[in-house]
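Notebook open, viewer loaded. I want to jot down what I look up, entry by entry.

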Amino acid sequence: MAASYNDHNHLASGESKSQIVVVMVPFPAQSHLNQLLHLSRLISPYNIPIHYVSTPSHVRQAKSRLQNWNINSATNFHIHEYPIPSFEALPPNPNDPTKFPTHLLPLFHASRHLCEPVTALLHSLAATAHRVVVIHDVLISSVVQEVKNIPNAEAYALQSVSVFNHFATIWEMMGKPSSVEDEALNHLPSQEGCVPMEFIEILMSQSHLANQFATGFIHNTSKAIEGKYVDFLDKEEFSGNIKQWALGPFNPVSVSNEEKIRHKCLNFLDKQSPRSVMYVSFGTTISFTDEQIHELALGLEKSEQHFIWVLREADRGDIYAGTERKTELPNGYEDRIKEKGMMVRDWVPQLEILAHPSTGGFMSHCGWNSCLDSLTMGVPVAAWPMHSDQPRNAMLVVDVLKIGTFVNDWEKRSELVSSAMIAKAVKKLVASKEGAEIRKRAVEMGAAVRQSVADGGVTRMELDSFIAQISRI
C-alpha cells in the first residue's frame, strides 16, 4: 500500500523550519474548512508551525467532523478562534430551483470581519519569524490582504475546486483560445443557474484580490487525476506566470479504525459481498424536495441492490443554530428495505465507508471533496450534480476519467429525477457488465492516486518542492 504523508517526518533541504510559520485561513463552510485542515496535516510532518484560523463555532464543527487525524497529538499546530458579528443562520430552502445554498450568503458577508484579528495575528507572527506563509481560501482573500504590506510574508491562495472546472472557466472567459486543444472543453455543460449573481460577484472580487498579492495558487488535486489540465493552467497565457501547485489529494489516502468505536455503517458493510453496496450521500450543501426524496427512496428500493443512504439537510451557516428538518419517507419504507439498505441521518465517516471492500459505488452530487474521496479510494460514481462546480466535476469523472455514470441529464436539471432513472444508474454501476469495467478503471485510478503521494510519486515531489519554496533562506 502507498505510504501516507504522515509516514514522513523528513525536512526539505535539511534546514531548520523553526523560522517559518504557516497560517491557514479557510472559508468557514465545511468543504473549505476540511481542505485546509487536511493540508495542515500534510505540512505538519515537515516540522513547520501551523496556525489555523476560524470562528469558534466553525473550529468546533471542523474538529468534530475531522477524519483520520488526531489534532490533539499534532505538535506545532495552533488553533485561533476569532468571533465574527452574529448573522442569520438561515435554514436551507429545498424548493429553491437553483439548488445553490443561498442561505449561506450571510456567512460570506460576516466572515469578512475576520480581517482585523487575522491582520493582528500576521503582524505578531512576522515580528519573530523569518517568514510568514499565509495559505488562504480564495473566497476569503480580503481577510488576508494585509500580507502585501508585511515584508517577510507571502500568500498562496487555495482554489478549492477541480482544476478542470477552474481552467474551463478561465478558458471560456478568455474566449476559448485555440492554443488549447481538448475535446472535453468543447462539450462543457452549461453553467446557467449554477451560481447566483451575488455569489459570482463575491468570487470575482475575491479572486481579483488574490491575483494582486498571491505568490502562487494551490490546488487540491493530483497530476495523476488532472495532469493535462494542470499543465494547461500552468501555461503563462492562463496563469500569468504565477506558480500553480497541485498538492492533493489533501484527504488521507488510507484510513484506520484504531482505538475508536466503529460507526454502524461499517458493521453493515462487513456483512455484504465485495463491491456490492451503493453509498448515497449528497454532501453539506444539498437539500432535496420532499417529492425528490420520495423518488430517491423508491429508486433505491427498485434497484434491488444493497445501499447506505445518508439523508441529511444541508448545513446552516452555523450548524449549531436551529433544528434540522426531518423528512418523511414513504409509508413503511424503512421496514421494507431493512434487509437491503441502511438509513443514516447523522454525520458518517465517509472515507472509511468508501475504503471498505464492500462499497461498490457512490451516488454523489460531485462536490470536489466527495469526488476526491471517491477517486482516492477507487470507488466509481453515480453522478447527480446540483450547482456550482458540480456539473463540470461530474463531467470530469464520467466523460473524461470514465469512472462513473450519470444519474440524470444535466440539461433536464429542473425536472424531477424519477425512481426509474435512479434504479437504472444504481444497477448499471454495481450490477452490470458495463459497471464492472467502470469499477475496474476506478480501482486503477485509486491506485494511481495513492502512488502519487508515496515517495517518488508526482504529488510527493510537488509537496516537497512547495516546502522547499516556502522554506528558502
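Which hand does the crossing of H10 and H15 have? I looked it up, and the H10/H15 crossing is right-handed. A caveat before I go on: this is a predicted model.

**Entry 1, the helix pair**

I stayed with these two helices for a bit. H10 covers residues 290-303 and H15 covers residues 419-430. Their axes are 7 Å apart, and the packing angle is about 45°. Oblique is the class for angles from 35 to 65 degrees or from 115 to 145, so H10 and H15 are oblique to each other. I then listed who makes the contact. On the H10 side I noted Gln-292, Glu-295, Leu-296, Leu-298, Gly-299, Leu-300, Lys-302 and Ser-303. H15 brings Ser-419, Ile-422, Ala-423, Val-426 and Lys-427.

**Entry 2, the sheet**

Next I traced the strands. I get an open sheet of seven, ordered S3-S2-S1-S4-S5-S6-S7, with parallel pairing. S3 (77-81) and S7 (243-246) are the edge strands, each pairing on one side only. From one strand to the next, the twist averages 25°.

I zoomed in on S4 and S5, which run parallel and are joined by six bridges. His-136 stands opposite Ala-157 of S5.

Then I checked which helices lie on the sheet. H6 lies across S4, S5 and S6 (214-219), and makes about 125° with S6. H17 (residues 458-470) also packs on the sheet, where I find it touching S1, S4, S5, S6 and S7. The direction of H17 is at about 130° to that of S7.

**Entry 3, the cores**

I pulled up the largest nonpolar core, which has 35 residues. Val-23, Phe-108, Val-132 and Val-134 have the most contacts inside it. The elements giving two or more residues to this core are S1 (20-25), H3 (105-111), H4 (115-126), S4 (131-137), S5 (153-159) and H6 (197-213). H4 gives the largest share, five residues.

I picked Val-134 for a closer look. Leaving out neighbours within four places in sequence, I see Val-134 in contact with Val-23, Val-25, Leu-122, Val-144, Val-147, Glu-154, Ala-155 and Tyr-156. Apart from this core I found another, of 34 residues, including Ile-225, Leu-233, Leu-396 and Val-449.

**Entry 4, a loop residue and a cis bond**

Is Thr-221 buried or exposed? I found this residue in the loop between S6 and H7 (223-234). Its relative accessible area is 0%, so Thr-221 is buried. Not counting residues up to four places away in sequence, Thr-221 touches Val-163, Glu-226, Val-230, Ala-246, Leu-247, Gly-248, Pro-249 and Trp-368.

Two of those contacts, Gly-248 and Pro-249, made me check the backbone. The peptide bond joining Gly-248 and Pro-249 is cis, with omega about 0°. Pro-249 sits in the loop between S7 and H9 (264-270).

**Entry 5, positive phi**

A reminder to myself: most residues other than glycine have a negative phi, and most peptide bonds are trans. I noted two lysines against that. Lys-99 has phi near 70° and sits in the loop between S3 and H3. At 24% relative accessible area, Lys-99 is partly exposed. Lys-176 has phi near 55°, and I found it in the loop between H5 (163-173) and H6. Its relative accessible area is 48%, so Lys-176 counts as partly exposed.

Notes: Residues are numbered from 1 along each chain as its sequence is written. This is a predicted model: local features need pLDDT of at least 70, side-chain atom pairs count only at pLDDT 80 or more; totals for chains, interfaces and linings use all residues. Side-chain values use heavy atoms; hydrogens and water are left out. A nonpolar core is a set of buried Ala, Val, Leu, Ile, Met, Phe, Trp, Tyr and Cys residues joined through side-chain atoms within 4.5 Å. Buried means under 20% relative accessible area, exposed over 50%, partly exposed in between (1.4 Å probe, protein chains only). Helices (H or I, at least four residues) and strands (E, at least two) are DSSP runs, numbered from the N terminus. Contact means heavy atoms within 4.5 Å. Two strands pair if DSSP finds at least two bridges between them. Axes are lines fitted to C-alpha atoms, for helices over the stretch in contact, and angles run from 0 to 180 degrees between N-to-C directions. A crossing is left-handed if the near helix is turned anticlockwise from the far one by less than a right angle, and right-handed if clockwise.
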